[in-house]
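Good morning, and thank you for making time for this item. I would ask everyone to bring up the model on their own screens, and I will then go through its main features in turn.

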Amino acid sequence: GSVFGIHEMVALDFVDEDEDSKADRGFTSWLRDEDVALLEEDEERNAKQAKRNNRIRGLLKGRRDEKAPEGSPEALGEVETKIFDSSAKKKEQENNKLPPWFVARDEPRAVSLRLHEELLDFCAFVRPTAAENTARNAWVSAIEGAAKSLWEKAEVHIFGSYSTGLNLPCADVDLAITGVEGLRATTAMKQLSETLLGRGELSKVEIVQSAKVPVMKIKQRSTGLMADIVVNRGDGLDTSRFTREQMEVFPALSPLVLFLKFFLTQRGLQETFTGGMGSYLLVCVVLSFLQLHPSSRNPQKLAVTTLGNLLLDFFRYYGQEFRYATAGISVQGRGSIFDRKSRGWTATTRSGQPTLCMESPIEPTVDIGARVFKIGVVRAAFNHAYHVLAGLMLLQEPPTGSLLCPHLLRRDHDVVARRYHLLKEQPAPLLGPVGRPDTDDEDEEGTAKRQKIAGGELEFVDALAELGAQLADAGGDGEGGSATEEEDEGTAQEQADEVGAEDPMADVVDFLAAARAVGLEDGQLDEGEDEAAPAADGTVEISMAGEDEEDLEA
């Protein structure tokens, strides 16, 4: 009874007090005096901090409202402004980082399907527009008109990636001029370039006579489009026809090749003369993969195989599984793998690494993959891409942005950044005195006559040759510094391959060595002919992603 009486008295005492007093009295009645003092200090400190925060917020708001003068350094408050950006502004910033071909979709969610859709979007982005096709066709017509004005029976044929639709926006136009009679290829190229220069069509001309197949590279002045021209050669027409036929059989060939061409281009591995994988060889490599893939032999697997699955399997096959040392590739018929050693195709790089062995579908006796001396770099790039895609496939929640960029491609590359700014007028060519042969009478074997050199130029070459001899003697042990010239050349090339870049003085040294070899140090240059430059099948099945990997049988 006494307990209830005490509570009733306490309740009566608090009836007339306001709510704040009740709270304070009820809370502080259970604290010690020293604890009450600390509480009052905290309340005072919190009040001061609240005033300071309000003042800072006001300053920041005023700073954001003020327009910073142009050219001034970044204002201090801008760092804080980023914290209070709205969700719409953040989304806009994220979209600016996406590649231009990316299309946001809510569905599908599966990584392989999203990769399939993005590969198609990428192909649509790199394919030429109607204006670009019109400009290229006009460029071809201008060259054809100049050729027919010189040779009545001349015919101009388009071949290469432009004729098959597998060209990147920056690709040149490959043309073959046939029906040119009585002239050597290089002489015909010189006459054609002079005609186009006279019509104001060109801003740049380069004739590569030292190549196995002489080619003329020209750039149009009005658009900047490039063209590679060969004369009286029909090889490219056959390869283009073969490619178009295979594209009809394998629809996945086109998008895979377009993506892989750009993939190699961004890594500097797209040119054959620099040791990379050229366009035609890449087509054959992808074609062989599709021929041997399980989806090409099983309609049920084909129905559920996406471009994302094929790209992942491609990178794994050529990045990890393919036996470069023993296997050769043939794309004849349904495709097969053969023992490369049985055909004597044992080409290796200077470091001893086996090259890619690929039988030419047009000339089966030719190995078109032997010149890819950077096959180790190409293989490493494929292996890295496989690990990147495999990691994305394993994610429970895939990224909402692009799957290709920045994991496999860069959006700041010129081909992407300047995609719609490729057609630009070029400056006029710098025309000057050019060495011309004394006569256009040339034999059919294609041997070139050396041009005469003026006396002043000959003295300059003599000085360069003497300087080269001094550098060679200083760099080695006299003339006996190495066993053979071939060994010296091989050592220099191996060193260049090891550092991954060409020596900037390599061309100068090669020129000086060639000058000494033909007797320039004696002031002689005789006209003469140059020597021509030397120029058991099985099947294998590729394992698909998610299946057990089996050894390849060759």
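Are α12 and α14 roughly parallel or roughly perpendicular to each other? Before I answer, please bear in mind that this is a predicted model. The axes of the two helices lie 11 Å apart, and the packing angle is about 105°. An angle of 65 to 115 degrees counts as roughly perpendicular, and α12 and α14 are therefore roughly perpendicular to each other. On the α12 side, the residues that meet α14 are V285, V286, S288, F289, L290 and L292. On the α14 side, they are L310, D313, F314, Y317 and Y318.

Let me stay with α12. This helix comprises residues 279-292, and for its 14 residues, at 1.5 Å a residue, one should expect a span of 20 Å. The C-alpha atoms at its ends are indeed 20 Å apart, which agrees with that expectation. Of the 14 residues, 12 are buried, so α12 is largely enclosed by the rest of the structure. Among those buried are L281, L282, C284, L287 and Q291. The cover over the buried residues includes three helices, α10 (235-249), α11 (253-265) and α14 (307-321), together with the strands β6 (327-330) and β7 (336-339).

Those two strands deserve a word of their own. β6 and β7 pair in the antiparallel sense, with four bridges. A327 has D339 in β7 as its bridge partner. The strands form a hairpin with five residues between them, and G333 in the turn has a positive phi of about 65°.

I turn next to the nonpolar interior. In soluble globular proteins, nonpolar side chains tend to be buried together. Here the largest nonpolar core has 69 residues, and those with the most contacts inside it are F259, F263, F315, Y318 and L408. The elements giving two or more residues to this core include α11, α12 and α14, as well as α6 (111-126), β6, α15 (375-394) and α16 (414-417). What does F315 touch, leaving aside its neighbours within four places in sequence? Its contacts are F259, L260, F263, Q320, F382, A385, Y386, L389 and L408. A second core, separate from this one, has 26 residues, including A135, W139, V156 and L225.

Now to the open sheet. Its five strands follow the order β1-β2-β5-β4-β3, with mixed pairing. β1 (155-159) and β3 (202-208) are the edge strands, each pairing on one side only. On average, neighbouring strands of this sheet are turned by 25° against each other, with direction ignored.

How is β5 paired with β2, and how with β4? Strand β2, residues 173-178, joins β5 in the parallel sense over five bridges, with V231 of β5 as the bridge partner of I177. Strand β4, residues 215-220, joins β5 in the antiparallel sense over four bridges. Within that antiparallel pair, D228 of β5 stands opposite K217, and M226 of β5 stands opposite K219. The hairpin of β4 and β5 has five residues between the strands, and G224 there takes a positive phi near 85°. As for burial, five of the six residues of β5 (residues 226-231) are buried, so this strand is largely enclosed by the rest of the structure.

One helix lies across this sheet: α9, residues 185-198, which crosses β2, β3, β4 and β5 and runs at about 175° to β3.

I close with three points of backbone geometry. Most residues other than glycine have a negative phi, and most peptide bonds are trans. Where are the cis peptide bonds that I wish to point out? One runs from E107 to P108, with omega near 0°; P108 sits in the loop between α5 (87-96) and α6. Another joins C405 and P406, with omega about 5°, and P406 belongs to the loop between α15 and α16. The third point concerns N232, a residue other than glycine whose phi is positive, near 55°. N232 lies in the loop between β5 and α10 and is partly exposed, with a relative accessible area of 37%.

Conventions. Residues are numbered from 1 along each chain as its sequence is written. This is a predicted model: local features need pLDDT of at least 70, side-chain atom pairs count only at pLDDT 80 or more; totals for chains, interfaces and linings use all residues. Side-chain values use heavy atoms; hydrogens and water are left out. The expected span of a helix is 1.5 Å times one less than its number of residues. Buried means under 20% relative accessible area, exposed over 50%, partly exposed in between (1.4 Å probe, protein chains only). Contact means heavy atoms within 4.5 Å. A nonpolar core is a set of buried Ala, Val, Leu, Ile, Met, Phe, Trp, Tyr and Cys residues joined through side-chain atoms within 4.5 Å. Two strands pair if DSSP finds at least two bridges between them. Axes are lines fitted to C-alpha atoms, for helices over the stretch in contact, and angles run from 0 to 180 degrees between N-to-C directions. Angles under 35 degrees count as roughly parallel, over 145 as roughly antiparallel, 65 to 115 as roughly perpendicular and the rest as oblique.
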